[in-house]
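These are my notebook entries on a structure that I looked up piece by piece. I record what I asked of the model and what came back.

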Amino acid sequence: MSDHAHDHDPNAVGHVVSMKILVGVWLALMVLTYITVAATYIDLGEFNFPLAMLIATVKAALVCLYFMHLRWDRPFNTIVFLSSLGFVALFIGFVMTDKNEYHEDEIPGYAPKIEEEKR
Amino acid sequence: MAHDHAHDHPPHLAHHFDTPQQQFESGKLGMWLFLATEILLFGGLFCAYAVYRYMYPEVFDYAHQYLDKVMGGINTVVLICSSFTMAWAVRCAQTENRKGLILGLALTLLGGAGFMGIKYVEYAHKIHDGLLPGTYYDPGGHDPESLKSAREAKLKAAAAAVATEAAAPQKTADGKPIEQSTIAAAPRGPKGLRKGDGIHTETPEKADEHAAAGHVQPHGERPEGVWWFFGIYFLMTGLHGFHVLAGMGVIGWLLYRSIKGHFNKDYFAPVDLGGLYWHLVDLIWIYLFPLLYLIG
């Protein structure tokens, strides 16, 4: 059986990604890595960080969709993956809103101010 | 449903699956569930990063200058290339190109080794320069006033005190020796890593000496709490490094099985799932690189 027939075989296991796509994704990842490094030499002020994260996310999406076959997989795998990201976002989000809600002195054994007041 | 042995039953199909497709898809779902737990594991560290970077942006701005962008960039390229060779190896397994599969896995393994080699050079440099977390932070060598030196002096004094007591055991009024703990006092309590505790900047002469020796000399005044950055740096890259090592173990095993000729177009799930793990390791590095090396 030739490789091409394999693509259309209803009993075939998995999906074969074409060489064109693999090389294309690899080149895109290399170019994006170059861009993200080059961008740090340009001062965009507060936009440097979001730009770096945007490029990283595009790279991550390319790896997931093509190298990790998510584009051709059953959608449930994508749901599993995205929900883990969702829970991480929830976790970081709650911590970030919560982080300023405590006074240093509330932590046991970590009360320089209370100790000072006692004196 | 009982499976029928009269049919052409693939030898790799486990008895609790109806078809090879079902077996493959189940394995894949299992792998994705595992990858989800890996993302949650790293999520804790990304959360720590977010909190510390938000609270101490000046520490990150200053300390990241110690990281070598070129080294980090080369490692990113190495890891992306190894991800590509891995994806290619999976394709080769699916198309029964055994030579390609072996070559792809070997190149991927080589990429992992290259990544760890560069990581080793980076870590060795940081350890040499005392760019370490917590009380081990001692930039510019053995500064007599650094936290590390203070810690060592305290430990030395505690050891000396224990030795003195051992030589001449103290006795109570009725002549019984007092039990003494041989455990040295903890050098630092809960307040040990408090902001503003024991900060020392390098003297100008020392800084010049250091720069002349080819070491990194960051711009700007050193802020308080630089060791936090290195704590986060070593935890994140260290955990990632362990994952690279684990991935290399998996790829080594896949390579062995490929040489033995275990895989074909209907049975390549181990290669595919090992590949998924390797890509996840790449994915995490894709975020670690800008977050740690490319600040500001």
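The entries below go from conventions to chain A, the interface, the salt bridges, the core and the backbone.

**Conventions.** I worked with a predicted model, in which local features need pLDDT of at least 70 and side-chain atom pairs count only at pLDDT 80 or more, while totals for chains, interfaces and linings use all residues. Residues are numbered from 1 along each chain as its sequence is written, chains are lettered from A and ligands numbered from 1 in the order in which they are written, and side-chain values use heavy atoms, with hydrogens and water left out.

**Chain A.** I looked up the secondary structure of chain A and found five helices and zero strands, in the order α-α-α-α-α from the N terminus. Helices here are DSSP runs of H or I with at least four residues, strands are runs of E with at least two, and both are numbered from the N terminus. I then checked burial: 34% of the 119 residues of chain A count as buried. For this I took buried as under 20% relative accessible area, exposed as over 50%, and partly exposed as in between, with a 1.4 Å probe and protein chains only. The accessible surface of chain A comes to about 7,800 Å², and carbon and sulfur atoms hold 66% of it. That area comes from the Shrake-Rupley method with a 1.4 Å probe; for residues, only the protein chains shown count as cover. I also looked at contacts (heavy atoms within 4.5 Å). In chain A, 43% of the contacts with a separation of 6 or more are between residues 24 or more positions apart.

**Interface of chains A and B.** How many residues of each chain are in contact with the other? I found 53 in chain B and 55 in chain A. The area buried between the two chains is about 4,900 Å², with 75% from carbon and sulfur atoms; this is the accessible area (1.4 Å probe) that the two parts lose on being put together, summed over both. On the side of chain B, I noted that B:Trp32, B:Phe84 and B:Arg91 lose the most area to chain A, together 13% of what that side buries. I counted six residue pairs in polar contact between the chains, both residues being at pLDDT 80 or more. A polar contact is a pair of N or O atoms within 3.5 Å; within protein, one must be able to donate a hydrogen and the other to accept it, and residues adjacent in sequence count only if both atoms are side-chain atoms. Helices H1 (20-55), H3 (69-94) and H8 of chain B each supply at least two residues of the side that touches chain A. The largest share, 21 residues, comes from H1 of chain B.

**Salt bridges.** I searched the whole structure and obtained five salt bridges over all chains, two of them across the interface of chain B and chain A. The rule asks for a side-chain nitrogen of Lys or Arg within 4 Å of a carboxyl oxygen of Asp or Glu. One of them joins B:Lys28 and A:Asp73 at 2.9 Å, N to O. This pair crosses between chains, from helix H1 of chain B to the loop between helix H3 (48-67) and helix H4 (75-98) of chain A. Both B:Lys28 and A:Asp73 are buried.

B:Lys28 also forms a salt bridge with B:Asp272, with the closest N and O atoms 3.5 Å apart. B:Asp272 lies in helix H8 and B:Lys28 in helix H1 of chain B, 244 residues apart. I therefore entered A:Asp73, B:Lys28 and B:Asp272 as a network of salt bridges, since the rule for a salt bridge links them.

A further pair is B:Glu122 and B:Lys119, at 3.5 Å between the closest N and O atoms. Why are B:Glu122 and B:Lys119 separated by about one helical turn? The two are three residues apart in helix H4 (residues 98-128) of chain B. Both B:Glu122 and B:Lys119 are buried.

**Nonpolar core.** The largest nonpolar core has 94 residues, and B:Phe229 and B:Phe230 touch the most other members. Helix H8 (residues 269-293) of chain B gives the most to this core, with 17 residues. A nonpolar core is a set of buried Ala, Val, Leu, Ile, Met, Phe, Trp, Tyr and Cys residues joined through side-chain atoms within 4.5 Å. Leaving out residues up to four places away in sequence, I found that B:Phe230 touches B:Ala63, B:Tyr66, B:Lys126, B:Leu131, B:Leu132, B:Pro133 and B:Tyr137.

**Backbone.** Most residues other than glycine have a negative phi. I noted A:His69, not a glycine, with a positive phi of about 65 degrees. A:His69 lies in the loop between H3 and H4 of chain A and counts as buried at 6% relative accessibility. B:Glu96 has a positive phi near 60 degrees. B:Glu96 lies in the loop between H3 and H4 of chain B and is partly exposed, at 47% relative accessibility.
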